[in-house]
Each structure stands twice: as structure tokens, then as C-alpha cells.
Number of protein chains: 2
Amino acid sequence: MAAAAAARLLRLAPRRLQVPKASPIAALSFPLQRTAPLAAASGRRQRFCAAAHASTPAPAPAAAATGAAGEAVGEFRKRLRVADVKGGEDEGAAWVGKELAVRGWVRTCRAQRTVTFVEVNDGSCLSNMQCVLTPDTEGYDQIDSVTIGASVLVEGVVASSQGSKQKVELKVSKITVIGKSDPTSFPIQKKRASREFLRTVAHLRPRTNTFGAVARVRNALAYATHKFFQDNGFVWVSSPIITASDCEGAGEQFYVTTLLSNSAEGGSLLKDIPATKDGRVDWSQDFFCKPAFLTVSGQLNGETYASALSDIYTFGPTFRAENSNTARHLAEFWMIEPELAFADLNDDMACATAYLQYVVKYILENCKEDMDFFNTWVEKGIIDRLNDVVEKNFIHLSYTDAVELLLGSKKEFEFPVKWGLDLQSEHERYITEVALGGRPVIIRDYPKEIKAFYMRENDDGKTVAAMDLLVPRVGELIGGSQREERLDYLEARLDEQNLNKESYWWYLDLRRYGSVPHAGFGLGFERLVQFATGIDNIRDAIPFPRVPGSAEF
Amino acid sequence: MAAAAAARLLRLAPRRLQVPKASPIAALSFPLQRTAPLAAASGRRQRFCAAAHASTPAPAPAAAATGAAGEAVGEFRKRLRVADVKGGEDEGAAWVGKELAVRGWVRTCRAQRTVTFVEVNDGSCLSNMQCVLTPDTEGYDQIDSVTIGASVLVEGVVASSQGSKQKVELKVSKITVIGKSDPTSFPIQKKRASREFLRTVAHLRPRTNTFGAVARVRNALAYATHKFFQDNGFVWVSSPIITASDCEGAGEQFYVTTLLSNSAEGGSLLKDIPATKDGRVDWSQDFFCKPAFLTVSGQLNGETYASALSDIYTFGPTFRAENSNTARHLAEFWMIEPELAFADLNDDMACATAYLQYVVKYILENCKEDMDFFNTWVEKGIIDRLNDVVEKNFIHLSYTDAVELLLGSKKEFEFPVKWGLDLQSEHERYITEVALGGRPVIIRDYPKEIKAFYMRENDDGKTVAAMDLLVPRVGELIGGSQREERLDYLEARLDEQNLNKESYWWYLDLRRYGSVPHAGFGLGFERLVQFATGIDNIRDAIPFPRVPGSAEF
């Protein structure tokens with residue numbers, strides 16, 4: 001019942017605390033809030049976890065104070081986080097001498113002769129707040145419960161730290177254990193756990209340094225993605241997740257159905273599945289009255305909105321029912337798919353390059369501490385590698401020239417190099433890492449036989465305006481193309497690939513009514529996270545990975 | 001082949017155009033791009049749709065210019081949009097006298113005696129660019145193809161307009177038809193089409209005023225959502241879409257499976273579905289080796305990350321296999337689910353209120369033209385209604401007080417009012433619209449019997465710390481609660497509701513290891529879009545609605 005006791009405790013009026021002048025606090029207050037309480041209101045509520053701001057006594061419990069006239073909702077303020085204290089250039093020096101309350105989880109507790117050091121992390125940054133306790137500290141009688149994984153509230157005064165690891169620490173006047181954690185059974189012990197093991201405790205792994213950092217950088221990449229496209233006038237469009245059009249080849253698609261759910265106790269009986277007279281699944285009785293799938297790409301839908309709003313992007317989950325148990329495949333992953341109207345392959349390459357440089361620059365500037373961590377512990381040199389991406393010119397090269405370059409290299413490759421065959425990873429790596437000296441490269445204008453039906457045929461009749469963006473060490477990060485906007489060419493391509501024109505009626509309509517040259521690209525978001533963090537296995541780049549045989553949590 | 005010809009045309013060097021000083025252009029240039037070309041590069045590419053910026057001659061076709069050394073990728077610039085010209089306070093007056101190129105789709109073409117007016121829309125804003133042609137205009141011989149739905153490039157000089165509808169228009173020196181549109185078969189004619197009909201052409205409906213505006217406001221609401229939470233230190237977390245935990249009651253969940261896909265020509269044969277000896281579906285042979293579903297909520301997963309990073313939010317699709325053919329239900333919809341650690345119900349209410357006020361204020365400030373359109377054509381008075389939300393204090397009221405208020409009203413309701421019964425829409429509307437005079441209201445502390453197992457039990461033992469946020473005319477927009485952080489209480493609740501504790505092992509772990517008081521809420525994004533646009537039917541608030549019997553496009 002430690003948590004229950006603490007919850008009550010937390011509702012007590014927090015200590016009256018001073019905030020340093022010119023501190024980040026002013027900027028943290030949420031600007032929109034009304035401040036005048038209603039006449040009928042008995043008082044205003046403070047968000048209790050922003051204890052450092054509190055200056056009014058806590059109101060009486062809500063149930064007692066309200067009547068049928070109601071009470072005004074309290075003001076929302078940004079929580080004061082460890083990142084707000086230690087994340088600045090001065091690493092917290094401006095806070096020295098100020099009172100502060102920190103809430104978070106115990107990472108370590110080291111008892112020395114006269115003092116005890118407790119490292120508390122609140123997830124806002126990699127840094128812990130080092131908290132210094134003495135036997136005189138209020139709440140010290142609970143010290144046996146201050147164990148790894150426990151949640152605590154620590155209140156005290158910020159002081160300069162004598163340790164080399166941090167500029168400031170908290171001289172604790174009071175510690176409160178909010179939620180205990182049995183140190184023997186807590187799955188994440190101080191000694192380094194393997195990534196494989198941590199996947200089995202995916203609900204707790206964000207409490208480790210690595211996965212906390214991955215979560216923050218992943219968040220920053222997502223937000224930078226929105227910022228880039230919004231700043232450039234793109235409209236975010238939600239492409240559908242469930243789709244009944246079998247446009248992309250159903251082989252790798254998941255079925256979405258309610259036919260299996262009229263299930264008996266102990267599991268769905270086959271005989272309960274609606275069937276036609278000839279023993280086939282009766283799709284007319286399914287939820288959507290026909291087979292439905294999880295989307296593998298929002299592109300075709302995205303093109304419809306680009307053909308009205310000009311520039312759009314999607315950012316949502318996509319799926320592959322591929323039985324690939326590799327470090328690079330997920331059954332569920334997030335994709336970013338911009339689509340640009342009145343644009344050709346050159347525009348597409350320029351946009352992909354600018355996008356990638358923007359998001360990489362964003363995390364280098366905004367996630368410095370986490371990036372330093374990856375640079376030290378996950379991939380040495382990753383910051384240099386990413387700086388190269390931001391600073392170096394991207395090169396583009398036709399597929400035909402790439403094949404010539406490979407043939408001219410005299411290097412022996414495992415897979416054959418021949419015009420018309422797809423490039424393999426070893427070829428791509430040779431081009432980016434050796435031939436072009438560590439520069440990101442876009443290869444474009446691939447043979448049409450190895451590319452999708454919607455890619456625009458070039459004037460040579462043999463190639464299409466496709467592009468793959470390759471980066472050193474990682475390989476393909478982005479794939480895109482100019483789309484075939486000419487109705488007759490597109491219909492011919494559908495025929496060539498034995499695709500059913502009727503099911504593409506709406507996609508073809510875009511070419512019937514005000515067709516425009518347009519282009520776009522797709523980017524697997526988890527690949528971007530891998531690229532930006534150095535994390536080896538894609539299962540560690542998403543909170544809850546879905547792979548063959550596993551959809552846990 | 002109009003599109004093909006135009007595509008080539010578009011690649012010609014655009015006319016050299018001047019940009020007015022102190023125009024928005026300077027701010028539009030993308031700041032990150034490298035500008036120094038490589039020594040090996042033969043030239044730099046301009047994004048051709050930003051014709052107004054072009055000042056260098058177009059380079060030779062890419063294929064001819066590159067070699068194995070590659071060529072530098074060109075600079076990406078924001079496209080000059082109609083919104084950039086007409087969207088400012090002066091409605092384009094600063095552009096008078098300047099040359100400009102506009103690309104978009106023809107909305108109307110009106111031939112008068114000496115001049116022809118063509119309204120061109122590029123989707124960046126509601127406003128068209130009125131283009132004025134005379135028989136002397138270059139390309140006037142194509143005027144018969146300048147029909148509704150066709151895509152065009154118009155180049156000319158901005159002039160003051162004598163019309164009352166706009167400040168500026170384009171005196172066209174040259175018009176190019178990019179993609180034709182057969183005016184008789186084009187599904188969206190000028191006369192007002194019904195929303196029902198437009199759903200059957202969901203691929204073209206964003207080209208209407210209403211759906212263009214909905215798409216832009218939806219985009220603004222999404223971006224404002226990210227901005228609000230990011231500015232307040234929340235981390236965006238992707239909760240999983242596919243889930244094998246049956247935590248939420250599988251009755252309303254879609255199955256995700258590959259068992260149906262080993263299908264014969266003509267449809268899946270029942271006999272091909274893997275079965276156990278007793279005639280049940282053999283889930284061990286399914287992709288995830290057990291039944292898997294589409295998520296109905298990311299909350300439980302979100303709580304795991306809040307228990308490590310403190311404040312998080314999800315924003316992703318969720319699903320209900322509910323057979324509800326109403327104007328308020330979708331089978332696939334987007335949800336926003338923030339989760340706040342070290343927070344109670346008061347914090348939760350404060351956050352929900354601040355969030356809602358922020359996003360509403362954001363669209364009122366950033367989507368003025370679209371909001372005026374909704375105010376005039378979709379819901380008269382919507383701007384006042386939304387201003388009320390931004391400006392008025394939100395009231396909170398306990399369920400118990402709400403019941404007393406209803407009982408004291410002497411009003412006859414269709415559904416009974418009695419402590420322990422859920423509130424119906426008529427009750428909620430009476431409270432917000434009549435009793436509290438058009439104010440948003442939060443009702444909290446509901447009887448535990450009518451709420452979910454994870455909501456925190458209040459000290460009275462009868463109610464839980466749940467809240468519903470109600471807004472006038474729309475009803476419930478947000479539902480949330482403080483979560484039960486006490487292990488023994490939570491286990492008792494699971495038992496009471498006959499839920500299987502073993503399948504919640506990881507959720508219970510959060511209460512075993514460093515449990516903290518925490519709270520969160522959920523918001524259906526399409527409901528928010530309805531609320532913010534006045535659109536009646538939720539199927540019109542998402543690009544491609546999924547409902548029983550339909551997953552088209």
C-alpha cells in the first residue's frame with residue numbers, strides 16, 4: 001500500500017518554493033489559461049506535480065467543495081522536469097540555492113558513511129538528479145524502500161555538486177517513497193541487460209538509459225518530420241489503415257475480419273465461419289462485405305489528396321505479413337509518405353534530401369545528451385556520420401551509370417552486376433562507402449521491369465523515374481518516384497503486370513480529370529530511428545515490435 | 001496525351017520572374033540547404049513548380065548530364081502557393097505588378113465578351129486565383145480544354161481586381177493546360193453535390209470547397225495537437241496497432257490474420273484454414289501464433305511509457321468492429337491519448353481543458369478563411385461557439401451533483417435519471433446547454449459499476465476518478481480518468497469484472513515496480529474535427545471512412 005499512502009501524501013500542499021528569477025519557469029507556464037476564477041468557484045487547483053510553482057494552499061478535496069453549480073477547472077502548467085533544471089547550457093547552475101521537488105524513479109542508491117546518494121530519473125532526459133540524503137533527512141526511515149525501480153518524491157535545495165559527473169545535485173530535506181519496487185524481482189537490474197532480454201520486458205525497458213534515449217530521439221524525429229512538412233506547406237493526410245482494394249498484392253497483407261469472432265468457448269470453430277455453397281469463405285458476411293486488409297502503403301490514397309491540395313504527407317502505420325525474422329523487418333511499422341504535385345523526380349530528390357538533412361540536424365541540435373550517449377555506447381562515431389549527412393552534398397547517379405561504375409570497379413561481388421538486375425546491398429554499399437567516399441547517394445532511373453507499375457516511364461522507354469536514397473553503413477533509407485500521370489501509359493503498365501484495371505478505377509480517375517506531374521517518396525520511420533541512433537535491431541526502434549510469432553504487450 | 005505534353009512543357013525554363021521585396025518569399029526559402037555545387041556537378045536543379053523563384057536557365061535533361069561521378073542533388077524550396085500570395089493581411093496587394101506562375105485545378109471558366117475569367121485553386125487555401133484571359137493570351141487556343149477539373153499552369157502579372165470578391169487577380173500572359181478533364185463526365189459539377197454522393201467519389205471530394213477546408217482544418221488540429229504536447233514536454237509514443245492481448249474485450253475487435261490468405265483461385269476455401277483435431281481454428285499456425293486483433297485503445301501501452309518518461313501521448317489509429325451505422329461512428333478512427341505521471345484527476349481535467357482550448361484557438365487563428373467558410377455554409381455561429389470554448393471557464397461537477405441537478409430541474413427526460421445509471425445525451429445536453437448556459441462541462445467521479453476496471457477508486461468506495469468532458473451541441477468529446485495505481489485495488493477490480501489477471505501481467509507490473517499516481521484521457525480525433533468544423537457526419541471528417549459494409553478506396 002505504499003502507493004496509496006504516497007498518493008494521499010502528494011495531495012497535501014506542497015512546500016512553498018521559490019523560483020529563481022530569469023529561470024526557465026516563466027517560459028514554461030502555459031500561456032492560454034484563463035486565470036480569473038468563477039465567482040462560484042471555491043478555489044483553484046494547481047497541478048500537484050508542478051510543485052515548484054505552487055504558492056497557494058491546496059484546496060479542500062474536490063468532492064466536499066463542489067455543488068451543483070460546479071467549480072472552475074484548474075490551470076494546467078508544464079511539469080517542472082529534470083531536463084528543465086539540468087538541460088540548459090549551465091547544466092543547472094542557475095538553480096543553485098533554490099528549492100525544488102523532483103519526482104521520478106530510483107536508478108541507484110549508494111549508502112556511504114555519512115551520506116546516501118540516490119540517482120532519480122524522471123525520463124525527461126538521460127541525466128539523473130543526484131539526490132544527497134543524510135540520516136537527518138525527513139523520510140530517511142524509509143531508506144530501505146529507496147531501491148532500484150521505486151518511485152520517489154524528493155524535495156530539497158539545489159547545490160553545486162562536488163562530483164565530476166554533474167554540476168548540481170539536490171540536498172534533500174525530505175524524501176517520500178511513492179511506489180515500492182522489490183529489488184530482487186525487479187527485472188531490470190543495474191548490470192547491463194541484453195537487448196534480447198529487454199524485449200521480453202518491453203513495458204519496463206523505457207526505464208533504461210538506452211530505451212529512454214531511443215524514445216526521446218524517436219519523438220524528436222517524429223516532431224521534426226511534422227515541422228519540416230508543415231513549414232513547407234504540406235498537409236498531413238491520414239491514409240486508411242484498413243483497405244479493401246487489393247492494389248498492392250495480397251500475398252504480404254494481413255486480413256482484417258470479423259468472421260472468426262463468432263467464436264465458441266475454447267476457440268473459434270471452423271464450422272461457424274460463414275461459407276458459400278462451394279465451401280469458400282463467404283466474404284459477403286464479413287464486416288466490410290468483402291475481403292479487407294491492412295494497408296502496405298498509403299501512397300495511392302495520398303496521391304488523391306495531392307491531386308487536390310498539391311503537397312501532402314502521410315505519417316501512419318503500415319503492415320507486412322512477411323515471414324522475415326530479421327533485424328531489419330517488422331510486421332507493423334510507421335511510414336512517412338509525402339506526395340508533391342506539379343513535381344518531377346528532381347523535385348522529389350531535392351525534397352527527400354532536404355527532409356533528411358532537416359530531421360538529422362534537428363536531433364543533433366535538440367537531443368545532444370542522448371546523441372552523445374549513442375556516440376559513446378551504441379555506435380562510436382555516429383555523430384560524425386550524421387554530421388556528414390547534414391553537411392555533405394547528396395549525389396545522384398543514374399542506375400545505368402551505377403552499373404557502369406560497379407563494372408568498372410574490377411571488384412568481385414557476390415551477386416552479379418548486370419543492367420536489368422536489381423542492385424544488392426553489397427553494390428549499394430560499394431557505391432556510397434567506397435566509390436563516393438561516404439556520401440549519401442541517390443540512384444535513379446531504374447529499369448522498369450524491376451519497379452512498380454505506377455512509376456513514370458522515362459523517354460528511353462526502358463527506365464522509370466524511380467529513386468533510392470542510400471546512406472553509408474545503413475543502405476536504402478528512402479524510395480520514391482515520379483508517378484505515371486499519363487492515363488494511356490499507366491493502363492499499359494497495369495496490363496503488362498496483369499493487374500486488374502477495374503480495381504484501380506479511382507486511381508486512374510486522377511489521370512482522367514486534371515492529371516498533373518507528381519512525385520513522392522516513402523520512408524520507413526523505424527529505419528530512420530535506427531539510422532539516427534545506431535540501434536542494430538529494428539525491434540528496438542519501436543516501443544512494442546510486432547514480428548512473426550510475437551505481438552506481445 | 002495532354003498531360004504528357006504539359007509535363008515536357010513544364011520542364012522548359014520558366015520565365016524569369018521578379019519577386020517583390022519584403023514579400024513572403026524570403027521566409028519561404030528552405031534554410032538548411034547547401035548551396036555550393038560540387039565541382040563535378042554540371043549545374044543545379046530548381047524545383048520547377050516554384051517557378052516564381054527561378055532565375056537560372058533550366059539544366060539539360062538529367063540522363064545526358066551525369067556521369068559515374070554523379071551530380072549534386074538540387075535545392076528544395078517551398079512551392080509558391082496561392083495561400084502565400086493571397087493569404088496575408090493585404091490579400092495579395094503587395095504582389096500587384098509582379099509576375100507570377102500559378103498551378104492548380106480549374107474551378108470555373110466564364111467567358112465574357114472580351115475577357116475570360118478562370119478560377120484556379122491549388123488546394124493551399126479556399127481562395128481561388130482569379131485569372132483573366134483575353135484572346136491574345138498565349139495558349140488561348142486551348143481555351144476549350146480549360147474546363148472544370150482540368151489542371152493548368154497560368155503565368156502572368158498580378159493586378160488589382162475590380163471584382164468585389166478579391167483584392168487581386170492574375171492578368172494572364174500564358175496559359176498551359178496540363179491535364180484535361182472531360183466536363184460532362186467529371187463527377188464534381190458546379191452545382192452543389194450532396195455529401196452522400198461525394199462519399200462515393202472520396203478520391204475527388206478534396207477538390208470541393210468543403211472537403212478542402214476540412215482537410216486543412218484537420219491538418220491544423222493535428223499539428224496543434226503535436227505542438228501542444230511537445231511544448232509541454234510530452235513524448236509521442238506509438239502504441240501498437242496489432243495486439244494479441246485481449247485486454248479490452250474481443251467482441252468489438254477486428255481479427256488480424258494470415259490464416260485466410262493461403263487462398264485458392266476464386267476465394268479462400270474453408271478446408272484450407274488450419275484447424276485443430278476438434279475442428280477449431282489452429283491459431284498456432286497464424287502469423288503471431290495466437291489470435292491477434294486491431295487495437296481499440298493505446299492507453300494501457302501508453303501507461304507503460306508514462307511510467308518511465310513521465311508525460312507521453314499517443315496519436316494513432318484505433319478500431320471498433322461495432323456494427324454501428326450512425327453519423328457518429330467509424331470502424332477506423334484516430335485517437336489522441338495523453339498519459340500524465342505524478343498526476344491526479346484534477347491535473348487530468350486541467351490538461352484536457354488546456355489542450356482543447358489550445359487547439360481551438362490555433363485553428364481560429366490559423367484557419368481564418370476556412371473557419372469563415374464553415375461559419376457561413378456549414379454551421380452558422382460556429383465561430384462564436386468555438387470562441388466560447390476558448391474564452392469561458394470550463395466547469396467541473398461531480399456525477400452525484402449532476403444527478404441532483406437533473407432531478408432538481410423538474411424537466412421530463414426520456415431516459416430515467418437515477419444515481420447509478422449512466423447519463424444519456426439528453427442529460428448531458430441539458431447540463432451544458434441549459435443548466436450551465438452553454439459552458440463546457442466536465443462531469444467526474446462516476447459510479448464505479450458503469451466505468452472501466454482501470455479507473456481509480458475514490459475514497460467513498462462507490463465512485464471512480466473518471467471524467468467526461470462535454471461541450472454544448474456536440475456532447476462528449478473527451479473521456480479520461482485517474483488510473484488505479486494500487487496493486488491490490490486493481491487486482492480486486494479485475495476479479496470483480498471477471499477479467500483474467502494473467503493476461504494483464506505487464507500492466508500489473510507497473511503497479512509492482514515504482515507505481516505512481518497517473519491519469520490520462522482519450523479523444524477521438526474525428527469527433528474533434530466534427531466539433532471544430534460543424535460537419536454533421538463523421539464520415540466526412542476523415543479522408544477515407546471505414547464503416548460496416550464499406551472500405552472503399
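1. Let's start with a hairpin: β2(A) and β3(A) form one, with four residues between them. The two strands pair in the antiparallel sense, over six bridges. If you want a spot to find in the viewer, look for V106(A), which stands opposite V120(A) in β3(A). Keep in mind while you look that this is a predicted model.

2. V120(A) is worth a second look. Besides facing V106(A), V120(A) has a bridge partner in β4(A), namely M129(A). That pair belongs to the next strand pairing along: β3 (residues 116–121) and β4 (residues 129–133) of chain A run antiparallel and are joined by five bridges.

3. Now go back to β2 and look for another partner. Strand β2 (residues 99–111) of chain A is also joined to β5 (residues 151–160) of chain A, by seven bridges, and the two run antiparallel. Here G104(A) is the residue to click on, as G104(A) stands opposite V152(A) in β5(A).

4. What do these strands of chain A build? Five strands close into a barrel, in the order β2-β3-β4-β6-β5, with mixed pairing. Going from one strand to the next, the twist averages 55°. Try tracing the barrel with your finger in that order, β2-β3-β4-β6-β5, on the screen.

5. There is a second sheet to sort out, and this one is open. Nine strands line up as β7(A)-β11(A)-β12(A)-β17(A)-β16(A)-β15(A)-β14(A)-β13(A)-β1(B), again with mixed pairing. Notice the last name in that order: β1(B) comes from chain B. Which strands stand at the edges? They are β7 (235–236) of chain A and β1 (71–72) of chain B; each has a single partner strand, so one side of each is left without a neighbour in the sheet.

6. Inside that open sheet, β15 and β16 make a good example of a pairing. Strand β15 (residues 463–471) of chain A and strand β16 (residues 475–483) of chain A are antiparallel, with six bridges between them. One pair to check is L469(A), whose bridge partner in β16(A) is I478(A). As background for reading any such sheet, side chains in a regular strand alternate between the two faces.

7. Strands also pair across the two chains in the other direction. Strand β1 (residues 71–72) of chain A pairs with strand β13 (residues 395–398) of chain B, in the antiparallel sense and over two bridges. In this pairing, E71(A) stands opposite H396(B) in β13(B).

8. How many residues does each chain put into the contact? Chain A gives 184 residues and chain B gives 184 residues. Together the two chains bury about 15100 Å² between them, 62% of it on carbon and sulfur atoms.

9. The polar side of the contact deserves a point of its own. Between chain A and chain B there are 55 residue pairs in polar contact, counting pairs with both residues at pLDDT 80 or more. On the chain A side, helix α6 (residues 209–231) gives the most to the surface that touches chain B, with 12 residues. The chain A residues on that side divide into 93 nonpolar, 50 polar and 41 charged.

10. Four salt bridges are counted between chain A and chain B. One to look up joins R79(B) and D311(A), whose side chains meet at 3.1 Å, N to O.

11. Over all chains, the structure holds 66 salt bridges. Two examples sit within chain A. D278(A) and R280(A) meet through their side chains at 3.1 Å, N to O. R512(A) forms a salt bridge with D509(A), and their closest N and O atoms are 2.8 Å apart. Both R512(A) and D509(A) lie in helix α14 (residues 505–512) of chain A, three residues apart, which is about one turn of the helix.

Conventions. Residues are numbered from 1 along each chain as its sequence is written. Chains are lettered from A and ligands numbered from 1 in the order in which they are written. This is a predicted model: local features need pLDDT of at least 70, side-chain atom pairs count only at pLDDT 80 or more; totals for chains, interfaces and linings use all residues. Side-chain values use heavy atoms; hydrogens and water are left out. Contact means heavy atoms within 4.5 Å. Buried area is the accessible area (1.4 Å probe) that two parts lose on being put together, summed over both. A polar contact is a pair of N or O atoms within 3.5 Å; within protein, one must be able to donate a hydrogen and the other to accept it, and residues adjacent in sequence count only if both atoms are side-chain atoms. Ala, Val, Leu, Ile, Met, Phe, Trp, Tyr, Cys and Pro count as nonpolar, Asp, Glu, Lys and Arg as charged, and the others, Gly among them, as polar. Two strands pair if DSSP finds at least two bridges between them. Axes are lines fitted to C-alpha atoms, for helices over the stretch in contact, and angles run from 0 to 180 degrees between N-to-C directions.
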